[in-house]
Amino acid sequence: MPEPVPTADPRADLAALTRTSLVVAIVASLLALACAYATVTRTIDAAATSAEQVTVTVQAVGTHRETRGGRRSRHLAEVRHAQVVAEDGRPGRINSDDLQVGERAELWRDEEGQLSADDPSGIGFGSMVLPVLLGIGALLLAAIAVGSFRRTRLRNTDIDAAPRLRLQLDRAKLDADPSRTTEGVLNLPLRVVESSTDKFPAGREGDLVVHRGTSPVDLSQGIPDEWEGRLLHKGLVMKVFAVRRSPGEPWWVTDL
């Protein structure tokens, strides 16, 4: 019988995973805090936007060209505008189809001097798009950070005491898809047929990626139909397992 391919030390794998997870947790936490801070400040800025109502007199009317339409229907259009002056002497311009020379009107002027017919104060949809996206990013990064911090506890995990799984190779799916057995990589479809934990119950499926010559598993005798597994960690993003072909062989720490 040929000598099996040397199997990596699972303890060393868990230690390496712990170090990587700690770095990811710290970086994700810092990014999450940055996104949360940006969300708060952007929201405060949007809420603090103020405008004053001013009385203006139309001095002239004219037209200019503006880009209108969506990405596919974008075009230049002639837009009518009115040149106005406020009672405090500050000039401005506003798009209008109705204002005539000499006419007086009540408009709103924001902190940057932009005129509008409606009050722009308060939080609107446009001003909240970026804060909402930043908030979603902060939540996702926080979830990644929490999961990574949880994985830092894997260093001292007792693999043999972890929840047990019995995995079955879906050979029909493997044979039906030639791309799963390329020259350097095997993508093995496995299904849980027995499980001692509700976190990963029977019926769940996953792909075990085996890199020929580098992954610590010996397939020189062919691909076995049954595998033994242990669930070491189940997070929102990442799941960590220990697998082996049969009892007595060393464990291989990987994902599924």
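In this model, strands are DSSP runs of at least two residues in state E, numbered from the N terminus. The model shown in every view below is predicted.

**View A. Strand β8 and its partner β7.** Strand β8 comprises residues 205-211. One face of β8 is covered and carries G206, L208 and V210, whereas E205, D207, V209 and H211 make up the uncovered face. In a regular strand, side chains alternate between the two faces of the sheet. Strand β7, which spans residues 185-195, runs antiparallel to β8 and is joined to it by seven bridges. Within this pairing, V209 of β8 has N187 opposite it; V209 belongs to the uncovered face of β8.

**View B. The open sheet formed by β3, β2, β1, β4 and β5.** Five strands are arranged in the order β3-β2-β1-β4-β5, and their pairing is antiparallel. The edges of the sheet are occupied by β3 (91-95) and β5 (115-116); each has a single partner strand, so one side of each lacks a neighbour in the sheet.

**View C. The hairpin of β1 and β2.** Strands β1 and β2 are antiparallel and are joined by 12 bridges. One of the paired positions is E66, whose bridge partner in β2 is A77. Six residues lie between the two strands of the hairpin. In the turn, G69 has a positive phi of about 90°.

**View D. The pairing of β1 with β4 and the salt bridge between E52 and R109.** Strand β1 (residues 51-68) and strand β4 (residues 104-110) run antiparallel, with seven bridges between them. A51 stands opposite D110 of β4, and R109 is the bridge partner of E52 in β4. The side chains of E52 and R109 also form a salt bridge, at 2.9 Å from N to O. Because E52 belongs to strand β1 and R109 to strand β4, the pair ties together parts that are 57 residues apart in sequence. E52 is partly exposed, at 40% relative accessibility, whereas R109 is buried, at 5%. A network of salt bridges links E52 and R109 with D88.

**View E. The salt bridge between R104 and E87.** The closest N and O atoms of R104 and E87 are 3.0 Å apart. R104 lies in strand β4 and E87 in the loop between β2 (75-86) and β3, so that this pair links distant parts of the chain, 17 residues apart. R104 is exposed, with a relative accessibility of 51%, and E87 is likewise exposed, at 62%; exposed residues are those over 50%. By the salt-bridge rule applied here, the count comes to 14.

**View F. E228 in strand β9 and its surroundings.** E228 is located in strand β9, which covers residues 226-234. Its relative accessibility is 14%, so E228 counts as buried, the limit being under 20%. The side chains of E228 and R230 make a polar contact at 3.1 Å. Beyond the neighbours within four places in sequence, E228 is in contact with R164 and L165. Its contacts also include A242, V243, R244, R245, S246, P247 and W251. Among these residues, R245 forms a salt bridge with E249, in which the closest N and O atoms are 2.3 Å apart. E249 is partly exposed, with a relative accessible area of 24%.

**View G. A nonpolar patch on the surface, with helix α1 giving the most to it.** The patch is formed by L22, I26, L30, L33 and F149, which together have about 490 Å² of accessible area. Helix α1 (residues 10-48) contributes four residues to the patch. One of the patch residues, L30, lies in this helix. With a relative accessible area of 55%, L30 is exposed.

Key
Residues are numbered from 1 along each chain as its sequence is written. This is a predicted model: local features need pLDDT of at least 70, side-chain atom pairs count only at pLDDT 80 or more; totals for chains, interfaces and linings use all residues. Side-chain values use heavy atoms; hydrogens and water are left out. Buried means under 20% relative accessible area, exposed over 50%, partly exposed in between (1.4 Å probe, protein chains only). Two strands pair if DSSP finds at least two bridges between them. Patches are made of residues with over 30% relative accessible area and no salt bridge: like charges are joined within 9 Å, nonpolar side chains (Val, Leu, Ile, Met, Phe, Trp, Tyr) within 5 Å. Accessible areas come from the Shrake-Rupley method with a 1.4 Å probe; for residues, only the protein chains shown count as cover. A salt bridge is a side-chain nitrogen of Lys or Arg within 4 Å of a carboxyl oxygen of Asp or Glu. A polar contact is a pair of N or O atoms within 3.5 Å; within protein, one must be able to donate a hydrogen and the other to accept it, and residues adjacent in sequence count only if both atoms are side-chain atoms. Contact means heavy atoms within 4.5 Å.
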